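Welcome, and thank you for taking a look at this protein with me. Please keep the sequence and the 3D view side by side as you read.

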Amino acid sequence: MPTASTRVPQQERSRATQARLLEATVECLVEHGWSGTTTTVVAARAGVSRGAQLHHYPTKAALVTAAVAHLAERRADELRTEAETLPAGPQRLDRVIDLLGAAFTGPLFVAALELWVAARTDRELREALVPLEARVGREMHRLTVGLLGVDERRPGVREAVQATLDLLRGLGVANLLSDDSSRRAALLHTWKRQLAIVLTPGDLTTEDLPPHPR
C-alpha cells in the first residue's frame with residue numbers, strides 16, 4: 001500500500017505529466033491546427049505514453065480545453081507580474097493596452113481560435129468549450145479592470161473595458177494571416193485616446209493622452 005512519502009512523488013510526477021501534455025497540446029494546435037492535433041501526436045510530442053495521456057485526458061476535447069485553460073491561467077499570472085512594473089498616471093493605460101494586445105496575438109490566442117472554429121461543427125468540443133470561454137472571458141475582463149485601476153460602477157466603464165477586449169480580439173484575428181502591425185498601431189492609438197476620456201474622471205488635456213506612435 002502506498003505510503004505518504006511515496007504518494008507525494010507520484011503526485012508530482014502526475015502534475016509534471018499533465019503539464020507536458022498541456023504545453024504540447026498548445027504547441028500542436030499552433031503548428032498543426034485542430035485537425036492535425038491528435039492525441040497520439042500530442043502524447044509523442046510530450047514524451048508521454050498513450051496510456052498515461054488517456055488516464056489524464058480520456059478525450060481530445062478534454063485535452064485541448066484543459067490546455068487552453070492552463071495557458072490562459074499562466075498568461076494571466078504573467079500579466080499580473082508585468083503589471084507590477086507599469087507606471088502610474090495616464091501612461092499606464094497606454095502600457096496596459098499594449099500588454100493586452102500582445103495576449104491577443106500570442107500562442108494562446110492562436111490555439112483558442114483553432115478551437116472556436118472547430119467547435120462550430122463539433123458538438124462535443126463546443127459543449128466543453130462554451131463554459132470554459134465564458135470563464136476565461138470573465139477572468140480577462142476582471143483582470144483588465146484591475147490592470148487599468150478603474151471603477152466599473154461609473155457609467156460607461158464596464159462597456160468601455162469590454163469594447164477594448166472585443167477590439168483587441170478582432171485585431172488579433174486580422175493579424176493571423178498577415179502582418180497587420182501598422183494598421184493595428186494606428187487603430188490602437190486612436191482607441192487609447194478615446195478610452196482615456198471615458199475611463200479618467202475629470203477633464204483631460206492633450207498632454208494627458210497617449211502620444212502618437214512614431
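What follows is a walk from the overall fold to a few individual places. Please keep in mind that this is a predicted model.

Let us begin with the whole chain. Its secondary structure amounts to 9 helices and 0 strands, so the pattern along the sequence reads α-α-α-α-α-α-α-α-α. The chain has 214 residues, and 38% of them are buried. Contacts across the sequence are worth a glance too: taking those with a separation of 6 or more, 61% join residues 24 or more positions apart.

A good helix to find next is H5, which covers residues 90–103. Its buried residues are Leu-93, Asp-94, Val-96, Ile-97, Leu-99, Leu-100, Gly-101 and Ala-103. Which helices do the buried residues of H5 pack against? They pack against H4, H6, H7, H8 and H9, the last of these spanning 181–199.

One of the H5 residues, Ile-97, gives us a path to helix H9, where Trp-191 is located. Trp-191 and Ile-97 are 94 residues apart along the chain, yet their C-alpha atoms are separated by 9.6 Å. Is Trp-191 buried, partly exposed or exposed? Its relative accessibility is 25%, which is why Trp-191 counts as partly exposed: the buried class is for values under 20%, and the exposed class for values over 50%. Leaving out neighbours within four places in sequence, Trp-191 is in contact with Ala-160, Ala-163, Thr-164 and Leu-167.

Helix H9 has a further link of this kind. In the loop between H7 and H8 you will find Pro-155, which is exposed at 75% relative accessibility. Pro-155 lies 43 residues from Val-198 in sequence, while the two are 9.0 Å apart in space, C-alpha to C-alpha.

Now turn to the aromatic rings. A pair of aromatic rings is described by the distance of the centres and the angle of the planes. Searching the whole structure turns up 2 aromatic pairs. In one of them, Phe-104 and Phe-109 meet edge-to-face, with 5.8 Å from centre to centre and 70° between the planes. Phe-109 also pairs edge-to-face with Trp-116, at 5.8 Å centre to centre and with 85° between the planes. Why do both pairs count as edge-to-face? Because an angle over 60 degrees between the planes is what the term requires. Ring pairs thus link Phe-104, Phe-109 and Trp-116 into a cluster. As for exposure, Phe-104 is buried with a relative accessible area of 6%, and Phe-109 is buried with 4%, whereas Trp-116 is partly exposed with 27%.

Another ring to look for belongs to Trp-34. Over this ring sits the charged end of Lys-60, 3.8 Å from the ring centre. Lys-60 also leads us to Thr-39, a residue in helix H2, which runs over residues 39–46. Not counting residues up to four places away in sequence, Thr-39 touches Arg-50, Gln-53, Lys-60 and Leu-63. Thr-39 is buried, because its relative accessible area of 17% falls under the 20% limit.

Then there is the largest pocket, which holds about 540 Å³ of space. It is lined by 27 residues, and the closest to its centre are Glu-133, Val-136, Gly-137, Glu-139 and Met-140. Which helices each supply at least two residues of this lining? They are H4 (60–83), H6 (107–119), H7 (123–148) and H8 (157–174). The largest share, 10 residues, comes from H7. By chemical character, the lining divides into 14 nonpolar, 3 polar and 10 charged residues.

Our last stop, Glu-124, is also in helix H7. Glu-124 is partly exposed, with a relative accessible area of 46%. Setting aside residues up to four places away in sequence, Glu-124 touches Thr-59 and Ala-61. Between Glu-124 and Thr-59 there are 9.7 Å from C-alpha to C-alpha, though the two are 65 residues apart in sequence.

Methods: Residues numbered from 1 in each chain as written. Predicted model: local features only at pLDDT ≥ 70, side-chain atom pairs only at ≥ 80, totals over all residues. Heavy atoms only, no water. Phe/Tyr/Trp six-rings, centres within 6.5 Å; stacked < 30°, edge-to-face > 60°. Buried < 20%, exposed > 50% of the residue type's maximum accessible area, 1.4 Å probe, protein only. Lys NZ or Arg CZ within 6 Å of the ring centre and 35° of its normal. 1 Å grid on protein atoms, 1.4 Å probe; cavity = no way out; pocket = protein on both sides within 12 Å on 5 of 7 lines; lining within 4 Å. Points joined across faces, edges and corners; volume = space filled by probe spheres on them. Helix = DSSP H or I, 4+ residues; strand = E, 2+ residues; numbered from the N terminus. Nonpolar A, V, L, I, M, F, W, Y, C, P; charged D, E, K, R; others polar. Contact = heavy atoms within 4.5 Å.
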